[in-house]
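Subject: Structure handover

Hello,

Here is the structure I promised to pass on. Please open it first, then read my notes below.

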Amino acid sequence: VQRAVGVDTVPTRAIEQILKRRGFGFGKVAILVGGPDWPTSVTCGILQMSVPQMLLGTLPVYFASIAPQTLVGAMLTEDDLGNDTKMWVVIQTVATGFAAIAQAAASGVAAYAVTQTVERHHEELSQFREDHQKVAELTQREAAFVSSLRSVSSW
């Protein structure tokens with residue numbers, strides 16, 4: 001699981017550093033809301049982060065994703081729009097656009113926070129960690145396998 005998350009990579013370590021910060025900074029909430037779901041959740045578990053704090057930090061997902069997408073779904077299921085068909089089509093289009101923009105914005109802010117952390121702390125984040133020894137060995141074996149595969153399959 002740690003290999004799949006990439007605990008030995010600089011971007012994942014940047015996410016770890018942001019998530020370990022006290023409080024609910026903009027970058028932390030952006031990662032919880034707009035970051036990749038599975039790696040973020042697993043990273044929180046690996047770091048043994050406080051579940052209530054992580055749940056509280058994800059509450060803005062309601063406004064960035066859940067509410068707009070629920071509105072879009074509700075609009076798309078409406079068969080009988082009555083005399084106000086044009087108005088409902090506009091509302092559907094606006095709701096769809098808002099849902100897409102809100103999710104993209106959350107992901108963009110998360111990517112920005114990770115990038116800023118990598119730029120500021122690249123040397124620290126690149127350092128080898130003893131607790132990631134087995135993951136590093138697996139990464140090296142995989143790199144050797146890929147190299148061998150390329151050499152025997154090149155024409």
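Pro 52 is found in helix H5, which covers residues 51-57. This is a predicted model, so please read everything here in that light. Is Pro 52 buried or exposed? Its relative accessibility is 61%, and exposed means over 50%, so Pro 52 counts as exposed. Pro 52 sits 33 residues from Leu 19 in sequence. In space, their C-alpha atoms are 14 Å apart.

Leu 19 leads to the core. The largest nonpolar core has 17 residues. Leu 19 is among those with the most contacts inside it, along with Ile 31, Cys 44, Met 49, Val 114 and Val 118. Three helices each supply at least two residues of this core: H2 (10-20), H3 (26-34) and H7 (85-126). Another core, of 5 residues, lies apart from it. Val 29, Val 33, Ala 64 and Ala 106 are among its members.

Which residues does Val 114 touch, leaving out those up to four places away in sequence? They are Pro 11, Ala 14, Ile 15, Ile 18 and Ile 31.

Next, H2. This helix is mostly covered, with 9 of its 11 residues buried. The buried residues include Ala 14, Ile 15, Ile 18 and Leu 19. Arg 13, Glu 16 and Gln 17 are also on the buried list, as are Val 10 and Thr 12.

Now the helix pairs.

H3 and H7 pack with their axes 8 Å apart, at an angle of about 130°. That angle makes H3 oblique to H7. The crossing is left-handed. On the H3 side, the contact is made by Phe 26, Gly 27, Ala 30, Ile 31, Val 33 and Gly 34. On the H7 side, Gln 103, Ala 106, Ser 107, Val 109, Ala 110, Ala 113 and Val 114 take part. By type, the contact of H3 with H7 has 9 nonpolar residues, 4 polar and no charged.

H6 (residues 61-77) also meets H7. Their axes come within 8 Å and cross at roughly 155°. Why do H6 and H7 count as roughly antiparallel? Angles over 145 degrees fall in that class, so the pair qualifies. H6 passes H7 in a left-handed crossing. H6 brings Phe 63, Ala 64, Ser 65, Pro 68, Gln 69, Leu 71, Val 72, Met 75 and Leu 76 to the contact. H7 brings Trp 88, Ile 91, Gln 92, Ala 95, Thr 96, Phe 98, Ala 99, Ala 102 and Gln 103. The residues of the contact of H6 with H7 divide into 13 nonpolar, 5 polar and no charged.

Last, H4 (residues 37-46). Thr 40, Val 42, Thr 43 and Cys 44 are buried in this helix. Cys 44 also appears among the residues with the most contacts in the largest core. Gly 45 lies in H4 too. Its relative accessible area is 49%, so Gly 45 is partly exposed. Gly 45 and Gly 73 are 28 residues apart along the chain. Their C-alpha atoms are separated by 32 Å. After H4 comes Gln 48, whose phi is positive, near 55°.

Over to you.

Best wishes

Definitions and conventions: Residues are numbered from 1 along each chain as its sequence is written. This is a predicted model: local features need pLDDT of at least 70, side-chain atom pairs count only at pLDDT 80 or more; totals for chains, interfaces and linings use all residues. Side-chain values use heavy atoms; hydrogens and water are left out. A nonpolar core is a set of buried Ala, Val, Leu, Ile, Met, Phe, Trp, Tyr and Cys residues joined through side-chain atoms within 4.5 Å. Buried means under 20% relative accessible area, exposed over 50%, partly exposed in between (1.4 Å probe, protein chains only). Helices (H or I, at least four residues) and strands (E, at least two) are DSSP runs, numbered from the N terminus. Contact means heavy atoms within 4.5 Å. Axes are lines fitted to C-alpha atoms, for helices over the stretch in contact, and angles run from 0 to 180 degrees between N-to-C directions. Angles under 35 degrees count as roughly parallel, over 145 as roughly antiparallel, 65 to 115 as roughly perpendicular and the rest as oblique. A crossing is left-handed if the near helix is turned anticlockwise from the far one by less than a right angle, and right-handed if clockwise. Ala, Val, Leu, Ile, Met, Phe, Trp, Tyr, Cys and Pro count as nonpolar, Asp, Glu, Lys and Arg as charged, and the others, Gly among them, as polar.
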